[in-house]
Amino acid sequence: YLDQQLADLPRQMPVNRALQAASTLRDAELVRELHNIGIPIEKQATPIANLSYGEQLRVTFLLLRLRQPNIYLLDEPTNHLDIAGRERLEDLLSRDDTTCVFVTHDRRMLRGIGTRYLEIRNRRLVEVDGPDEFLERAAAAA
């Protein structure tokens, strides 16, 4: 589960120690995984609280992935991610063999990885063909 406030993130813990505590990665693997999500070696001993929100979000996604869930529940997962971070997330979710339920206004993500679309309409969950109809109605109402 990912919430927008990243409430479960141990903010006072250094990044590398948080990953070490949550996984079985060895030091070299840990350095590589953090580097792959855009956390350079010189920042890996930094407390999570000192990272930007986007960096904290990337660390959270890495922690989620390392838990190897069979379902992701994501609330606006691309908020505060740069383009590279969005692309990494989309790649992870589209190649991973898990189910992902996400809420987003990110049109690219909706079209890129969405396979079924559900809309809350009149307090009911309705399956729709794609995001475009909903997005057009939302734009017209604004």
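Guide: Two strands count as paired if DSSP finds at least two bridges between them, and that is the sense in which strand pairing is used for this predicted model.

Visitor: Which residue in β4 stands opposite I120?
Guide: The strands β3 and β4 are joined by 5 bridges and run antiparallel, which means that they satisfy the requirement of at least two bridges. Within β4, the residue that stands opposite I120 is L125.

Visitor: Which residue in the turn of the hairpin formed by β3 and β4 has a positive phi?
Guide: The antiparallel strands β3 and β4 form a hairpin in which 2 residues lie between them. A positive phi, of about 55 degrees, belongs in that turn to N122.

Visitor: Which element gives the most residues to the lining of the largest pocket?
Guide: The largest pocket has a volume of about 850 Å³, and of the 25 residues that line it, the closest to its centre are F102, L110, R116, Y117 and L118. Two or more lining residues come from each of α4 (83-95), β2 (99-103), α5 (107-113), β3 (117-121), β4 (124-128) and α6 (131-141). The element that gives the most, with 5 residues, is β2.

Visitor: How many residues in the lining of the largest pocket are charged?
Guide: Of the 25 lining residues, 14 are nonpolar and 8 are polar. The charged residues of this lining number 3.

Visitor: Which element gives the most to the lining of the second largest pocket?
Guide: The second largest pocket holds about 250 Å³ of space, and the closest to its centre among its 14 lining residues are I37, R65, R88, L89 and L92. By class, this lining comprises 6 nonpolar, 2 polar and 6 charged residues. At least two lining residues come from each of α2 (27-36), α3 (53-66) and α4, and the element that gives the most, with 6 residues, is α4.

Visitor: Which element gives the most to the largest nonpolar core?
Guide: In soluble globular proteins, nonpolar side chains tend to be buried together. The largest nonpolar core here has 32 residues, of which L2, L19, L34, V59, F61, L74 and L93 touch the most other members. At least two core residues are supplied by each of α1 (15-22), α2, α3, β1 (71-75), α4 and α5, and the element that gives the most, with 6 residues, is α3.

Visitor: Which residues are in contact with V59, leaving aside its neighbours within four places in sequence?
Guide: V59 is one of the residues that touch the most other members of the largest nonpolar core. With its neighbours within four places in sequence set aside, V59 is in contact with L9, V15, L19, I37, I39 and L51.

Note on methods
Residues are numbered from 1 along each chain as its sequence is written. This is a predicted model: local features need pLDDT of at least 70, side-chain atom pairs count only at pLDDT 80 or more; totals for chains, interfaces and linings use all residues. Side-chain values use heavy atoms; hydrogens and water are left out. On a 1 Å grid over the protein atoms alone, a cavity is a set of points where a 1.4 Å probe fits but cannot get out, and a pocket is an open set with protein on both sides within 12 Å along at least five of seven lines; lining residues have an atom within 4 Å of a point. Grid points are joined across faces, edges and corners, and a volume is the space filled by probe spheres set on the points. Helices (H or I, at least four residues) and strands (E, at least two) are DSSP runs, numbered from the N terminus. Ala, Val, Leu, Ile, Met, Phe, Trp, Tyr, Cys and Pro count as nonpolar, Asp, Glu, Lys and Arg as charged, and the others, Gly among them, as polar. A nonpolar core is a set of buried Ala, Val, Leu, Ile, Met, Phe, Trp, Tyr and Cys residues joined through side-chain atoms within 4.5 Å. Buried means under 20% relative accessible area, exposed over 50%, partly exposed in between (1.4 Å probe, protein chains only). Contact means heavy atoms within 4.5 Å.
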